[in-house]
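This report examines charged side-chain contacts and the burial of selected residues. The structure under discussion is shown below.

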Amino acid sequence: MDGNTIRPPGESGTRSGDRGVEDPAPDEARREEPAVLPVVAIVGRPNVGKSTLFNQLTGTRDAIVADRPGLTRDRRYGTARRHGARFIVVDTGGLAGESEEIDDRVGDQVGRALDEADRIVLVTDARAGRTAGDEAIVDRIRRLGKPIVLAVNKTDGVDTRTALAEFHALGLRSPLPVSAAHGRGLRALAHALVPEPPHEEEGDGDPGEGQGRRDAVHIAIVGRPNAGKSTLVNHLLGEERVITHDEPGTTRDSVFVPFERSGKPYVLIDTAGLRRRARVFDLVEKVSAIKALQAIEAANVAILLLDAGEGVSEQDARLLGYLLDAGRALVVALNKWDRLAPGARTAAREAVSRRLGFIDFATVHSISALRGEGLGGLMRSVEEAWKAATTRMSAADLTRTMQEATVRHPPPVVRGRRIKLRYAHQGGVNPPIVVIHGNGAKETPEPYARYLARAVRTRFRLRGTPLRIEFRSGDNPYAGRRNALTPRQARHRKRMMRHVKRRR
């Protein structure tokens, strides 16, 4: 496979002849072999509607869209399915328009997308007309020798013929009028990109690189702005996949990046930094925060990245609470460890241990994302946490563990009655849920529930995942029912009540 062709994860490039059997007829081979999807890169100036077009082609809302230039910085992948055509589409940042250093990094991301692409869509703005920026982009992409489709966006509400006339001067094929915001002109665009759609079986829903394989472990890297999340992603991947910069808030969107490690599939999710809600005034930052929280929900394991020099802030504690509420397996990483003096490292560890004592199940690693130090142990803990989160426990073992724990420390007495716990079974995974049945079980105090959770965690070696304990009490079959009194019992009750009234 050449460097410009990407196969979606899960599709094999092995031909029948490679397996030592006779090659089938061409028609049979086409039915049996999954097609290699073409890769289409969307490029253009800032704020011409590239991300809107990406969302329309993929049928998602993965890319952040707002009436502001320079929102997209990292490249984003998705699978487009439009009017019979199916291809991998890559959203890129706008060329020119940011600070010089940021713009250079965005340009590098666009260059990587162009190198991977089989076809290119140049998006322009019909209302702004042809600009010098459009001409500079055409000069750059024409040298690649790849098919280019010119899409003139924002043609709604304007004279199409007049709007398209000046774009003929760019020297490309006939420009196609589209309105990404309203989904107009996408049929012609899809057919221009993929004239002969590859054959695929009905119901083939491989997600491509947008979200990764379904069997892959999704790892969300979360933390405050400028904690080093993107740097960690790049070092784990071994390439400059996402933009890094000293300026906080460089990452604005959640970027899903599939990769393999030791033959096992993973998906890294780089998220935007989360600040205190009271300090978030910008609409784009609010949308970025929502995307980050959605990424946490989509993840299997979360890496909470902390700045070792700043310790655990109040915002870190809030973010940690959200991770626990979501039930995500968790690994904590103290980044920028190499910047601390040897004497300050002990104090930093003690401070983190003191602030994070309520998540003693999570492994804490000291790393340097910039230098790549400590990342091997970090990934081993991620794998351990995911294994613990999906552990299956038999009802017999859980019941035995619970009974041994109650023998060592019996349940407390609540309202004059001792709680009797009878049996336990597993109620779910990721996170593991243990359901305990018994008389008055719902009245179990929280401290005793934590004691039982520690017993289960120790018995099954559940490291790196939260554990939930649910109590269920048996219903009283006589609740709300009253026995009818016999005539003799009624006379006796009446005589007794008469004596009671005399005593009062």
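## The Arg 224 network

In this predicted model, Arg 224 and Glu 310 form a salt bridge in which the closest N and O atoms are 3.0 Å apart. The two residues belong to distant parts of the chain, 86 residues apart. Arg 224 is found in the loop between β7 (217–223) and α7 (229–237), and Glu 310 in the loop between β10 (301–307) and α9 (314–326).

The partners fall into opposite accessibility classes: Arg 224 counts as buried because its relative accessibility is 19%, under the 20% limit, whereas Glu 310, at 54%, counts as exposed. A network of salt bridges links Arg 224 and Glu 310 with Asp 316.

## The Arg 45–Asp 134 pair

The structure holds 15 salt bridges in total. One of them joins the side chains of Arg 45 and Asp 134, with an N to O distance of 2.9 Å. Arg 45 lies in the loop between β1 (39–44) and α2 (50–58), while Asp 134 is part of helix α4 (residues 132–142), so this salt bridge ties together parts that are 89 residues apart in sequence.

Both partners are buried. Arg 45 has a relative accessible area of 16%, and the value for Asp 134 is 0%.

## The Asp 156–Arg 127 pair

A further salt bridge is formed by the side chains of Asp 156 and Arg 127, at 3.4 Å from N to O. This pair also links distant parts of the chain, with the two positions 29 residues apart in sequence numbering. Asp 156 is located in the loop between β5 (148–153) and α5 (160–165), and Arg 127 in the loop between β4 (119–125) and α4.

Which of the two residues is buried, and which is exposed? Asp 156 is buried, with a relative accessible area of 19%. Arg 127 counts as exposed, because its relative accessibility of 53% is over the 50% threshold.

## The buried face of helix α6

Burial can also be considered along a single helix. In helix α6 (residues 186–193), the buried residues are Leu 186, Leu 189, Ala 190 and Leu 193. Viewed down the axis of α6, these buried residues fall within an arc of 100°, and they therefore line one face of the helix.

Notes
Residues are numbered from 1 along each chain as its sequence is written. This is a predicted model: local features need pLDDT of at least 70, side-chain atom pairs count only at pLDDT 80 or more; totals for chains, interfaces and linings use all residues. Side-chain values use heavy atoms; hydrogens and water are left out. A salt bridge is a side-chain nitrogen of Lys or Arg within 4 Å of a carboxyl oxygen of Asp or Glu. Helices (H or I, at least four residues) and strands (E, at least two) are DSSP runs, numbered from the N terminus. Buried means under 20% relative accessible area, exposed over 50%, partly exposed in between (1.4 Å probe, protein chains only). The arc is that of the directions from the helix axis to the C-beta atoms.
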